[in-house]
Amino acid sequence: MHRHATVLLLSLALSAVTAAGADQDQDISQIRETIKTLGPNAQNNTITPSPIQGIYEVVMGPTLAYFSADGHYMLVGDLVDTKTYKNLSATHRNEARLKAINAIGEENMFIFAPEKPAKHTITVFTDIDCGYCRKLHKEIKSYNDSGIKVRYLLFPRAGKDSKSYEKAVDAWCAKDRNDALTRAKNGEELERKDCPNPIQQHMALGELVGVTGTPTMVTDSGEVLPGYVPVAPLLKLLDNENKGELR
């Protein structure tokens with residue numbers, strides 16, 4: 001009798017898990033149908049249950065959102081655990097942001113790296129004609145000497161039909177890209193060139209990440225730092241971030 005009761009309980013438990021899984025699959029299917037209406041940038045996504053019953057966390061490129069099970073409601077914001085005061089969204093949002101940036105590949109970035117293995121890697125959305133971008137670049141050796149690798153993504157704020165965009169393409173198409181970028185940031189006129197380039201991809205990603213000004217830094221944990229940050233405070237921030245002190 002005891003054996004039969006155990007088998008019955010296990011059977012009921014398995015049925016409950018199966019039913020829950022089926023409901024979850026249906027919810028995710030409904031949410032995916034809603035996402036199809038949000039545009040092409042939302043199509044590459046992952047959907048997982050959030051800590052709140054009936055609410056799902058959806059990562060769309062570098063964007064994090066929450067959806068009701070029927071896909072009717074979407075919330076963009078932070079989910080906070082009121083017992084621990086931990087921002088549950090921040091870590092996932094940072095991970096999604098960094099994943100989207102890394103998907104471009106360093107072969108499609110301007111890379112200024114230290115001679116020794118880097119302690120930290122930052123990604124900087126930059127505009128060749130931006131004053132503080134130029135100020136940051138004048139200190140690029142100090143960043144590198146401090147163990148910080150700088151990955152540049154070009155974000156001409158004036159848009160695709162601007163002189164800044166042309167300069168970005170000229171620098172990318174140059175034989176020595178880093179040298180050309182440095183010369184352009186120093187105000188030198190580059191030779192006009194054209195070639196396959198990732199500049200529009202850089203700009204599209206910047207818009208998804210929410211870049212509104214340059215420079216915009218993204219740290220090696222995915223945190224966004226708007227504006228220019230000098231080497232010393234940046235290094236301190238990155239070191240503390242790695243210790244978990246900024247969470």
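Helices, of at least four residues, and strands, of at least two, are DSSP runs, numbered from the N terminus. The structure shown in these views is a predicted model.

**View 1. The whole chain contains 8 helices and 11 strands.** The chain has 247 residues, and buried residues make up 41% of them. Of the contacts between residues at least 6 apart in sequence, 64% join residues at least 24 apart. The structure also holds 1 disulfide.

**View 2. Ala-118 is found in the loop between strands S7 and S8.** Strand S7 covers residues 110–112 and strand S8 covers residues 120–126. With a relative accessibility of 38%, Ala-118 counts as partly exposed, because that class lies between buried, under 20%, and exposed, over 50%. Apart from its neighbours within four places in sequence, Ala-118 is in contact with Gly-147 and Lys-149. Ser-146 is separated from Ala-118 by 28 residues in sequence, and the C-alpha atoms of the two lie 8.6 Å apart.

**View 3. Helix H3 has buried residues along one face.** The helix runs over residues 131–138. Its buried residues are Cys-133, Leu-136 and His-137. Seen down the axis of H3, they fall within an arc of 95°, so they line one face of the helix. On the other side of H3, the exposed residues are Gly-131, Tyr-132 and Lys-138. The packing partners of the buried residues of H3 are S7, S8, helix H4 (140–145), S9, H6 and strand S10 (216–218). The relative accessibility of Cys-133 is 1%, so this residue counts as buried. Cys-130 also counts as buried, at 2% relative accessibility.

**View 4. Helix H6 likewise lines one face with buried residues.** In this helix, which spans residues 177–185, the buried residues are Ala-180, Leu-181, Ala-184 and Lys-185. Viewed down the axis of H6, they fall within an arc of 130°, and therefore they line one face of the helix. They pack against strands S7, S8 and S9 (148–154), and against helices H3 and H5 (163–173). At the start of H6, a side-chain oxygen of Asp-176 comes to within 3.4 Å of the backbone nitrogen of Asn-178. The helix is followed by Gly-187, which has a positive phi, near 95°.

**View 5. A disulfide joins Cys-173 and Cys-195.** A disulfide is a covalent bond between the sulfur atoms of two cysteines. In this pair the sulfur atoms are 2.0 Å apart. The pair links distant parts of the chain, with the two positions 22 residues apart in numbering: Cys-173 belongs to helix H5, and Cys-195 to the loop between H6 and helix H7 (199–209). The link of Cys-173 and Cys-195 is left-handed, with -95° about the S-S bond. Cys-173 counts as buried at 15% relative accessibility, whereas Cys-195, at 25%, counts as partly exposed.

**View 6. Helices H5 and H7 pack at an angle of about 125°.** Two packed helices are described by the angle between their axes and the distance between the axes. The axes of H5 and H7 are 10 Å apart, and the angle makes H5 oblique to H7. Where the helices meet, H5 contributes Tyr-165, Ala-168, Val-169 and Trp-172, while H7 contributes Ile-199, Gln-200 and Met-203.

**View 7. Helices H2 and H7 are roughly antiparallel to each other.** Helix H2 runs over residues 88–104, and its axis comes within 11 Å of that of H7. The two axes cross at roughly 180°, and angles over 145 degrees count as roughly antiparallel. On the H2 side, Arg-97, Ala-100, Ile-101 and Ile-104 meet Gln-201, His-202, Leu-205 and Val-209 of H7.

**View 8. Arg-93, a residue of helix H2, has a polar contact with Asp-78.** With a relative accessible area of 18%, Arg-93 is buried, because buried means under 20%. The polar contact between the side chains of Arg-93 and Asp-78 is 2.9 Å. Leaving aside neighbours within four places in sequence, the residues in contact with Arg-93 are Pro-62, Leu-64, Gly-77 and Asp-78.

Methods. Residues are numbered from 1 along each chain as its sequence is written. This is a predicted model: local features need pLDDT of at least 70, side-chain atom pairs count only at pLDDT 80 or more; totals for chains, interfaces and linings use all residues. Side-chain values use heavy atoms; hydrogens and water are left out. Buried means under 20% relative accessible area, exposed over 50%, partly exposed in between (1.4 Å probe, protein chains only). The arc is that of the directions from the helix axis to the C-beta atoms. Contact means heavy atoms within 4.5 Å. A polar contact is a pair of N or O atoms within 3.5 Å; within protein, one must be able to donate a hydrogen and the other to accept it, and residues adjacent in sequence count only if both atoms are side-chain atoms. A disulfide is a pair of cysteine sulfur atoms within 2.5 Å. Axes are lines fitted to C-alpha atoms, for helices over the stretch in contact, and angles run from 0 to 180 degrees between N-to-C directions. Angles under 35 degrees count as roughly parallel, over 145 as roughly antiparallel, 65 to 115 as roughly perpendicular and the rest as oblique.
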